[in-house]
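The following exercises, each with a worked solution, concern a predicted model. Please work through them with the sequence and coordinates at hand.

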Amino acid sequence: MPKRSDLRKICLIGSGPIVIGQACEFDYSGTQACKALKEEGFEVVLVNSNPATIMTDPGFADRTYIEPLTLDVLTTILERERPDALLPTIGGQTGLNLSIALAEAGVLDRLGIELIGAKLEAILMAEDRAQFRQAMADIGLRTPRSTYVRSMEQADEALVAVGLPAIIRPSFTLGGAGGAIGETKADYLEKLEWGLRQSPKSEVLVEESVLGWKEFELEVMRDQADNVVIICSIENFDPMGVHTGDSITVAPAQTLTDKEYQRMRDAAIAIIRKIGVDTGGSNIQFALNPENGEIVVIEMNPRVSRSSALASKATGFPIAKIAAKLAIGYTLDEIPNDITKATPASFEPTIDYVVTKIPRFAFEKFPGADSRLGVQMKSVGEAMSIGRTFKESLQKGMRSLEIDRYGFENLDITDEELNDRLKVARPGRLWAVGEAFRRGLSIEVVHALSKIDPWFLHQIAEIIAGEARFQQDGDLRRAKRDGFSDRRLAAISGVTEAEIRARRQAEGILPVFKRVDTCGAEFESHTPYLYSTYEQECEADPTDRDKVVILGGGPNRIGQGIEFDYCCVHAAIGLEKDGYETLMVNCNPETVSTDYDTSDRLYFEPLTLEDVLAIVATEKPKGVIVQFGGQTPLRLAVALEAAGVPILGTKPDAIDRAEDRERFVELIEKLGLRQPENGTARSVEAAKRLADGIGYPVLVRPSYVLGGRAMQIVHDVNELDTYMREAVTVSPEHPVLVDRFLPDAIEVDVDAICDGETAIIGGIMEHIEEAGIHSGDSACSLPPYSLPRYILDEIREATRALALELGVVGLMNIQFAVVEDKVYVLEVNPRASRTVPFVAKAVGLPLAQLGARVMAGKKLAELGVVAEIEPAHVSVKEAVFPFMKFSGVDTLLSPEMKSTGEVMGIDREFGRAYAKAQRAAGMNLPREGTVLLSIRDEDKSRIVEVARTLIAEGFSIVATHGTARCLKDSEIPSEAVNKVPEGSPHTVDLIQQRKIDLVIATTRTGDPVAVRDSATMRRAALEHGVPYFTTVAGARAAAGAIRAIRADAVEPLALQDIHRG
Amino acid sequence: MTTENAAALVLSDGTVFHGEAFGATAEGVGEVVFHTGMTGYQEILTDPSYAGQIVCMTYPEIGNVGTNEEDEESRGVFLKGFVVRDHVDFPSNWRSQESLQSYLVRHEIPGVSGIDTRALVRHLRTRGAMNGYLVHGAVDLAQARTYAAELPSMEGRNLVDEVTCDQAYTWSEPPYGADAANLAAGKRYRVVAYDFGIKRNILRELVGAGFDVTVVPASTTAAEVLAIDPDGIFLSNGPGDPAAVPYAAAAVRELIGKRPIFGICLGHQILGLALGGTVHKMRFGHHGANQPAHDLETGRVMIASENHGFALDADSLTRDPEIEITHLNLNDQTVEGLRHRRLPLFSVQYHPEASPGPHDTAHLFERFRELIESGHAEA
């Protein structure tokens, strides 16, 4: 059936900021959908609040709204744009939920907008657990026994029906938020109560536990002619009980016979038909009893998902792109397979390699968070690897994680701890399995403890045996074929990595590259999507064009995420314009960069020295870009250069000059700039001496960090001592930096571009939160909203001086602090920064593309970049945090970065833009009501103005006693309330009773008692969805924003209108 | 690798792949083909259609689920050698009864693992399927090359006689996991199934569709079949070149129009020959579980399991206006199904019985029953 001719304009909703459970995979799917629809001649309207996405680049849609993803904003946009259809299935759970809301509110009917891909009834049947259960029963499939609970009164009845342990799943949440396992009755009741709060509809499914069963997923596609194909089967390494996003997963399924696989396939097809997903992809999860093969259906996602992104990357079959084409009327047999060109998309991919996905966690950022893995997703990113055998694939995956693991490193733990780590799923259980075999535990014992399938265990046991064998026979070829890294082999044989590499090269033991082709080599592949292995034939077939290798960012983590992927994708786009062949190297399956469509060639490989050198040796590029993928490729710069690899752009020595604290001091002095007093300590004593000299509070951190890892403000020598003992290991090789902490400083971020001769400012961003809060966690405004012109000019001058002195060729980012008219340089990073996509969207300049082209030799003047763009509108970036996923974790901000994503608000003035950004971040600023103030002493004088504004806007104030007294002194009326330690009725009671509409609470971050005493209040605000601010600066901006939105309605704006002309 | 566990696959064009031995210590000679299915190696091993062939699995990890009695597709293993990237000797599956290694040893089938199977597949894809010699232990390469080059081609080889049954028998086992109570209901029909190398799952599916099945040897004459007085006649899958078993097409020619006929794979080709068509040898055939079979009547695409190295020539069939081509393979437009506009017969190149492969076309067994029932209604 051909493309529908009755549709002209189609709306897509993105998934918003990166959060746990919803990451770049929806930028990948959304970008694919945008491209596919534009290619077919449709006008595309896109709404997404996340500026770091590729899909929100103005070229990818005709009308791009970077606006809060809420019902009323979407309604306004749809009323204005009047699209013919809405595609609800590519924006994750957020996009799907919004589409349901728009349909249920009657907006779609009223405006005559059709839901394409999946109709409302189908979405509801898949999403509503009762309907889904009934639907499964109708087609003879079993789901776990379960019952709905809508209040605590129904708790006992549900428990009788289901038994312990019981799974608690709140309805209508994403990433399994609020999902939990109740082991004992008390545990069950506690988690049920929590679950009821998590569900937007106060509804929880209490479900029979199938803990320890095997878990499988199938990715299914259907077209309107009812053709159904399975794209990929996935088997989870971790058994049921661990969220699939937190599980190691393997494709294809390894331990099913054909009969069992086909039964599952039949079930999946019956399910997609029964649910009635008209066109597009769905993900279906099954649990399988390892004793007898009994299958139960766990859930179905009637949309593209994280798993479908993984399946697309694992097979080379672009699910989102095909889903978009099916939604507009094509059938599978009418769409060509991009990779083979000769065959249609109506077939099932077959793969001739093994794919492993390993999640990456960030518990080190959230002390006190429960690191046990369960039904709620907790990982922040993932790495995927491809190998010809499971052993190779797994070991490549391990080194792709970038957690300084290069194989099954030994674990220095007691046997008892080892037992515990096998039994309780936590991050890193994989290494415990390896250690168990190293200590001689049997497969039976490890299986009994972990419930991991013996097939996987046996493979790992063979890897461990392989280590011992290598120590004896030194058979390098065999070890490499099993996927061991040079680094691991060096470690187990007591030599250096370089020696192993030299031996390999001497003996001709080199990797070859194979292609991902969807068809097991049955047809010729035309799209170079490659991975390495140790075999006979190399299919890389490099061209003789001028080429540039772009090193990606690896797995997402806090501090390094989608922003860097955005930069890498733009590097590819930019370099293509200059005629280069672009080669992308990355191992993150969620990303746009690992779409084979993005660059000329995709190498899906770990970002380690060994793996990158092999690609360079094969491709012989003109140069390698290491400055766009964040810290990961940057860490390789020096070693790559030493190995003779040409690094494009800013020289690694300049990077070192900026990163090495002692050389940096010289640089600042040479240019006559200012920086906070500082020093480098290589021992605990040296740190204490330094801090004494500088004066407390000081900011301490290990050198070479991104995302503020282990960065802390310490207020006295005791805190410093604790920090040096517990947070870092200081040594001559691993120095610790000590800086004077600038209290009440305004922090400023500058992104600039330089071709070695000319430096041009991309954007100057003023942070809302004061210095001391990680720049990635702080909101910021472009242009600055409070700094005077002469300060900005001083910042511009300093930026230019630094860029030219360092010889920056490409992008750079500088962080400044402004204290009482004095400008301090905090940090210089001669590389792409986290803020590049935000700046690009705020000023309408493709900064990263330009940066890449400059790195490859273009001059800024040639590219038409001659002056800084100072936009007429204001853009505000706000950070989004994962606190909701980590129960009990404090929400206070600190120098340690904790946000997972960001949103953007654009409007004609700061207050309105800030309100939009807050709204997009889930902080729906109230227009009226009661504000709770609890302010630390040093902020009390500064809060008065905020309180006055709120009173003037009609708010009433409740304040803790000290704050109330202070307000009274300024003749501001307030009602006093107890702090939590002072007893009920206290602040948390009021929040729980929904009597508070806004919380402003600042705490002495250096005082553990004050922090502890106020933590429950912050947590209560978070859990009850009350907007809260923990800094005076944030509160001030919020008060201004409230005033702005009360004065005048806020309207959505399309990027195409903002940057027109 | 040491010489005692060394093995090699030597192709007739002289190409050699070195690997490690597994399975039985024996030599294997045959046409080297590759199978792209990711599951079902045991069904492939026991599919008599692979007689005379050495099969390379494109999925690299083979042996994961061991073997079991339920998944046998025939009385034995008829292929000549098994080629995998990684042989797994530690199965994990609740139905597993025997490891692949032990199974191959028991059936005296040699295997080679550790070779670059993808390179082999690309070689066969470009040059076409060719003969090969699989050998364990030390090998005299020059001699092996000569030997491989001298092996006879598949074209014109009668392999059916090697795999068909000695004498007629009845079959009553229902499909895997089928509900016996359901099966008992409804009228049953008698079908005679020609065994050109029949897979047991065809027999099971026939039972499931309401047939009492009598399996007869390939050489059974039309008269002998008609003497049984079946309601329908089934033509099975089987190995090799259909033109090499002329007696089969001759018998079928006599049966056309006398009883409803349903053919699968080689049975489809034999039916085509009986109707006056011709076959050609394909470059490397279709061996996999992901082939798109386009149903020209409904426009739908079925994902089909296929295993054939020969195909009917479309032109040779459509010369007769009463013959209709019902299915085409979407990848290369080869004939995947036919029927007669007037006479009660139809056949498909792919495998509706799956095993291994998807069940998308399992309804064809029901269609066969309906064809018989409609004939009874007319009579």
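**Exercise 1. Determine how many residues each chain contributes to the contact between chain B and chain A, and how much area is buried there.**

Step 1. Chain B brings 54 residues to the contact, and chain A brings 63 residues.

Step 2. The two chains bury about 4,900 Å² between them, with 48% of this area on carbon and sulfur atoms.

Step 3. Of the area that chain B buries against chain A, 17% comes from Phe90(B), Trp94(B) and Arg118(B), more than from any other three residues.

**Exercise 2. Count the polar links across the interface of chain B and chain A, and describe the side of chain B that takes part.**

Step 1. The salt-bridge rule yields 13 salt bridges across the interface of chain B and chain A. One of them can be examined directly: the side chains of Asp71(B) and Lys259(A) form a salt bridge at 3.5 Å, N to O. This pair satisfies the rule because the rule asks for a side-chain nitrogen of Lys or Arg within 4 Å of a carboxyl oxygen of Asp or Glu.

Step 2. Between chain B and chain A, 37 residue pairs are in polar contact, both residues being at pLDDT 80 or more.

Step 3. On the side of chain B that touches chain A, at least two residues each come from strand E2 (16-23), helix H3 (117-127), strand E15 (279-295) and strand E16 (301-312) of chain B. E15(B) gives the most, with seven residues.

Step 4. Sorted by type, the residues on this side of chain B comprise 21 nonpolar, 19 polar and 14 charged.

**Exercise 3. Establish which residues of helix H26 (residues 684-694) of chain A are buried, and why they line one face of the helix.**

Step 1. The buried residues of H26(A) are Ala686(A), Ala687(A), Ala691(A) and Ile694(A).

Step 2. Viewed down the axis of H26(A), these buried residues fall within an arc of 130°, so they line one face of the helix. In general, an α-helix has 3.6 residues a turn, so residues three or four places apart point the same way.

Step 3. Arg689(A), Asp692(A) and Gly693(A), on the other side of H26(A), are exposed.

Step 4. The cover over the buried residues of H26(A) includes strand E23 (678-681), strand E24 (698-702), helix H27 (717-726) and strand E26 (736-740) of chain A.

Step 5. Just after H26(A) comes Gly695(A), with a positive phi of about 95°.

**Exercise 4. Decide whether Ser99(B) counts as buried or exposed, and identify its surroundings.**

Step 1. Ser99(B) lies in the loop between strand E7 (86-87) and helix H2 (100-106) of chain B.

Step 2. The relative accessibility of Ser99(B) is 18%, so this residue counts as buried; the cut-off is under 20%.

Step 3. Leaving aside residues up to four places away in sequence, Ser99(B) touches Gly66(B), Thr67(B), Asp89(B) and Pro91(B). With Asp89(B), the link is a polar contact between the two side chains, at 3.5 Å.

**Exercise 5. Locate Leu551(A) and list what it touches.**

Step 1. Leu551(A) belongs to strand E19 (residues 547-551) of chain A.

Step 2. Its relative accessibility is 0%, so Leu551(A) counts as buried.

Step 3. Not counting residues up to four places away in sequence, Leu551(A) touches several residues, among them Cys568(A), Val585(A), Leu607(A), Val612(A), Pro633(A) and Leu636(A).

Step 4. Leu551(A) and Leu636(A) are 85 residues apart along the chain, while their C-alpha atoms are separated by 9.8 Å.

Definitions and conventions: Residues numbered from 1 in each chain as written. Chains lettered and ligands numbered in written order. Predicted model: local features only at pLDDT ≥ 70, side-chain atom pairs only at ≥ 80, totals over all residues. Heavy atoms only, no water. Contact = heavy atoms within 4.5 Å. Buried area = accessible area lost by both parts, 1.4 Å probe. Polar contact = N/O pair within 3.5 Å; in protein donor to acceptor, adjacent residues only side chain to side chain. Helix = DSSP H or I, 4+ residues; strand = E, 2+ residues; numbered from the N terminus. Nonpolar A, V, L, I, M, F, W, Y, C, P; charged D, E, K, R; others polar. Buried < 20%, exposed > 50% of the residue type's maximum accessible area, 1.4 Å probe, protein only. Arc of directions from axis to C-beta.
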